[in-house]
Amino acid sequence: MRLIRPPDIPSADITPEQLYLRRREFLAGAGAAAWAALPLPLGLATRDARPAAGKGRAADDKPTPYEDVTGYNNFYEFGTAKDDPRRNAHTLRPRPWTVEVAGEVKRPARYALDDLLRPHRPVERTYRMRCVEGWSMVIPWLGIPFRDIIARLEPTSRAKYVELTTLHDPQQMPGQRSRVLDWPYVEGLRMDEATHPLTLIVTGLYGRALPNQNGAPLRLAVPWKYGFKGAKSLVRIRFTEQQPRNTWNLAAPDEYGFYANVNPEVDHPRWSQRTERRIGEFRRRPTLPFNGYADEVASLYAGMDLRRNF
Ligand SMILES: Nc1nc2c(c(=O)[nH]1)N[C@H]1C(S)=C(S)[C@@H](COP(=O)(O)O)O[C@H]1N2
Ligand SMILES: [Mo]
């Protein structure tokens, strides 16, 4: 295959964000054939950049600067302030890494990270992400559709949910020495949510390996749900018959549900969810049902009362 390279880019002082944006511009000009042939920094990724979907919003969905994506977020294992993860996550050692696959599944095992991921090609997906606290970002992820990984692991017919667990190691994660949450951090999805094409096991962002503070070496991203569903630095994937217990629901059951679908109609008990502040902007914007992904995912919840199943 003929490789098509982006125009010359002085390499030393270019930021990941500039690199990403230039590559995107280049691709837009070069047409669809170039899309597939272009080498990404991680080598393997294929081009599947469905632009953040949703009605007529694409123009507004400029990726959030790399500095903000990696410098302002939640990862309580490294502290509760927004800049704690960036400052403190250097103690995490994302390699070597193993992921235990357990429960209702035909191929349970402890997988070396590469054995779990290598058969799959990362894709690039730019998603709007909305934190339950009212801020949002647009993040160009690199990852593997969870459905592909799940298909290869072969859940049994009894598997109705999948539970995802973060590393529990206070040596690497000093925030776990304080009991702000019941460690380890656990999240879960219903199987149809986990196998929805938008659901991603993320391994990178802005065309690069995932920074520790964003959940290296692998984490979940579910763009129609509040950010807390996206558990980071995963060490266990367990298929279950019962709905898994999830950390934030256990911490405050009337504030954080299992489903956690972005829903401007359902207030958090302590604040409204009608609007959000996109990091980098000043005026708040309206929050959209399912974070703007309703066309893709609303059918998963047909017949459910989403005020009760929040
Ligand atoms: N293990 C773990 N995963 C976590 C969190 C956390 O504290 N611990 N915070 C969640 C919350 S509330 C959000 S908004 C996102 C923020 O990180 P991101 O910007 O890298 O997605 O991570 C989620 N995943
Ligand atoms: Mo969040």
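I began with strand E11, residues 275-278, where I found the side chains alternating: Glu 276 and Arg 278 point to one face and are buried, whereas Thr 275 and Arg 277 point to the other face and are not buried. I note for the record that this is a predicted model. The pattern agrees with what I would look for, because side chains in a regular strand alternate between the two faces of the sheet.

Next I looked up the partners of E11. Strand E4, which covers residues 135-145, runs parallel to E11 and is joined to it by two bridges; in E11, I found Arg 278 standing opposite Ser 136. Strand E12, residues 285-286, also pairs with E11, here in the antiparallel sense and over two bridges, and I noted Arg 285 of E12 opposite Glu 276.

I then followed the chain through the hairpin that E11 and E12 form, in which six residues lie between the strands, and there I noted that Gly 280 takes a positive phi near 100°.

My last entry concerns Asp 114, which I located in helix H5, residues 113-117. Is Asp 114 buried or exposed? I entered Asp 114 as partly exposed because its relative accessible area is 41%, which falls between the 20% limit for buried and the 50% limit for exposed. Setting aside the neighbours within four places in sequence, I found Asp 114 in contact with Arg 95 and Pro 119. I also looked up Trp 97, which is 17 residues from Asp 114 along the chain, and the C-alpha atoms of the two are separated by 8.7 Å.

Conventions. Residues numbered from 1 in each chain as written. Chains lettered and ligands numbered in written order. Predicted model: local features only at pLDDT ≥ 70, side-chain atom pairs only at ≥ 80, totals over all residues. Heavy atoms only, no water. Helix = DSSP H or I, 4+ residues; strand = E, 2+ residues; numbered from the N terminus. Buried < 20%, exposed > 50% of the residue type's maximum accessible area, 1.4 Å probe, protein only. Contact = heavy atoms within 4.5 Å. Pairing = 2+ DSSP bridges.
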